[in-house]
Amino acid sequence: MPSVAIDPIHQFQVSKWLDLNIGGIDLSFTNASGFMLLGVVLTIAFFGVAASKGLLVPSRLQSMAEIGYGFVADMVRGAAGEEGLKFFPFVFTLFFFIFFANMIGMVPYAFTTTSHIIVTAALALLVISIVIGYGFYKNGLKFFKLFAPSGAPFLIYFLLVPIEVISFFARPLTLALRLFANMLAGHIMLKLFAGFAVTLIGAGIAYVPVALLAFSMGVALNALEFLVAGLQAYVFAILTCVYLNDALHPSH
C-alpha cells in the first residue's frame, strides 16, 4: 500500500495548481487558494439562490438562509448589543466562510483550509486589527480603559494592567490556534482510524473484527467532526463579537 494512503499528514500538503511568479514573488494558485475560493463561491451561491425569489411563504432553502441570518444577528446582538449590529455584515461573512470551509473539508479528498495556521492566523489578525482600529476611532485614548477596569484599588492596577495587556494581545493567537488545532487534530484522527481499518483488513481475516471496530470508531468520529466543524465556526464568530464589544465599550 502506498505510504500516501496511510499518511495522516499528506492531506494537509499545499500543492500548486497554477505556477505563477511575478517580480520574484510567488503568487501561485494552490489547492488552498482553490478551496478557499470554493468556500466563498458556495456561500454567495447559497444565499444568492435562497434570496432570489423572496417568497412570502419561504422555501426550505430560504428558511435555512433566514435561520442563519437570524442566528448570526442574535449572536451579535447578544454579545455586543444593538450598537454591535454595525459589524453584522463582517461577523456574518466570517461565520459562514469558516462554516463552509470546515464543511468542505469533511468531503473526502477535499482540502481543509482551516487546518492551516496561516489561514486561521490571517482571520484572527483581521479581527484584532478591526477591534484596535475601531476602538481608537470611536473612543480615542479612552480605549486604554480596556486594560484598566474601573473600580479596582490603585495598587491592584500594577498587577491588573500587565495581565490585561497580555490577555488582549494573546487573543489573536488563541483565536487562530483554537480553530487550527481542532480541525487539524480531527482530520488526523479520521485518517488514522480509516487507515487502521484498511490496514487490518489487508492483514488477514483474523483481524476483521478489530478492523470493524476501527471502522465504527471512524464513523462515530466523523459524526463528531461534523459537529466540531459547525461549533468552531460559532466559537470563532462569538469570540469576535465579544472582542468587538470591547472596542465599542472599553470601560465595561
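In which helix is Leu-212 found? Leu-212 sits in helix α7, and this briefing will come back to that helix more than once. Welcome to the structure above, which is a predicted model. The protein has 252 residues, of which 38% count as buried. Its secondary structure comes to seven helices and four strands. Below is a friendly tour, arranged by topic.

**Overall layout**

- Going along the sequence, the elements follow the pattern α-β-β-β-β-α-α-α-α-α-α.
- The C-alpha trace spans about 70 × 55 × 50 Å along the principal axes of the protein.
- Among contacts with a separation of 6 or more, 69% are between residues 24 or more positions apart.

**The nonpolar cores**

- The largest nonpolar core holds 45 residues, and the members that touch the most others are Val-72, Val-91, Ile-98, Val-127 and Phe-236.
- Six helices each supply at least two residues of this core: α2 (31-53), α3 (60-80), α4 (88-104), α5 (117-139), α6 (157-203) and α7 (208-248).
- Helix α7 gives the largest share of this core, with eleven residues.
- Another core lies apart from the largest one; it has five residues, including Ala-32, Ile-104, Ala-110 and Phe-111.
- What does Val-127 touch, not counting residues up to four places away in sequence? The list is Phe-90, Leu-94, Leu-175, Phe-236, Thr-240 and Tyr-243.
- Phe-236 therefore appears twice in this picture, as a residue that Val-127 touches and, because buried nonpolar residues joined through their side chains make up a core, as a member of the largest core in its own right.

**Helix α6**

- Helix α6 has 47 residues.
- From its first C-alpha to its last, α6 reaches 65 Å, close to the 69 Å expected at 1.5 Å a residue.
- Where does α6 kink? A kink of about 40° lies at Ala-170, shortly before the proline Pro-172.
- Just after α6 comes Gly-204, which takes a positive phi of about 140°.

**The largest pocket**

- Rolling a probe the size of a water molecule over the atoms shows where empty space is left.
- The largest pocket contains about 920 Å³ of space.
- It is lined by 32 residues, and those closest to its centre are Gln-11, Val-107, Pro-108, Tyr-109 and Lys-191.
- Helices α1 (3-6), α2, α6 and α7 each supply at least two residues of the lining.
- The largest share of the lining, seven residues, comes from α6.

**The loop between α4 and α5**

- Tyr-109, which is among the residues closest to the centre of the largest pocket, lies in the loop between α4 and α5.
- Is Tyr-109 buried or exposed? Tyr-109 is exposed, because its relative accessible area is 86%, and exposed means over 50%.
- Most residues other than glycine have a negative phi.
- Tyr-109 has a positive phi of about 70° although it is not a glycine.
- His-116 is also found in the loop between α4 and α5.
- His-116 counts as buried because its relative accessibility is 17%, and the cut-off for buried is under 20%.
- Leaving aside neighbours within four places in sequence, His-116 is in contact with Phe-12, Val-14, Phe-111 and Phe-180.
- One of these contacts, Phe-111, is also listed among the residues of the five-residue core.

**Three more residues to find**

- Back in helix α7, Leu-212 counts as exposed because its relative accessibility is 52%, and the exposed class is over 50%.
- The C-alpha atoms of Leu-212 and Thr-120 are separated by 35 Å, and the two residues are 92 residues apart along the chain.
- His-10 has its place in the loop between α1 and β1 (16-18).
- With a relative accessibility of 33%, His-10 counts as partly exposed.
- His-10 and Ala-197 are 187 residues apart in sequence, and their C-alpha atoms are 18 Å apart in space.
- Gly-48 is found in helix α2, and with a relative accessible area of 38% Gly-48 is partly exposed.
- Between the C-alpha atoms of Gly-48 and Asn-222, which are 174 residues apart along the chain, the separation is 30 Å.

Terms used
Residues are numbered from 1 along each chain as its sequence is written. This is a predicted model: local features need pLDDT of at least 70, side-chain atom pairs count only at pLDDT 80 or more; totals for chains, interfaces and linings use all residues. Side-chain values use heavy atoms; hydrogens and water are left out. A nonpolar core is a set of buried Ala, Val, Leu, Ile, Met, Phe, Trp, Tyr and Cys residues joined through side-chain atoms within 4.5 Å. Buried means under 20% relative accessible area, exposed over 50%, partly exposed in between (1.4 Å probe, protein chains only). Contact means heavy atoms within 4.5 Å. The expected span of a helix is 1.5 Å times one less than its number of residues. The bend at a residue is the angle between axes fitted to the seven residues ending there and the seven starting there. On a 1 Å grid over the protein atoms alone, a cavity is a set of points where a 1.4 Å probe fits but cannot get out, and a pocket is an open set with protein on both sides within 12 Å along at least five of seven lines; lining residues have an atom within 4 Å of a point. Grid points are joined across faces, edges and corners, and a volume is the space filled by probe spheres set on the points.
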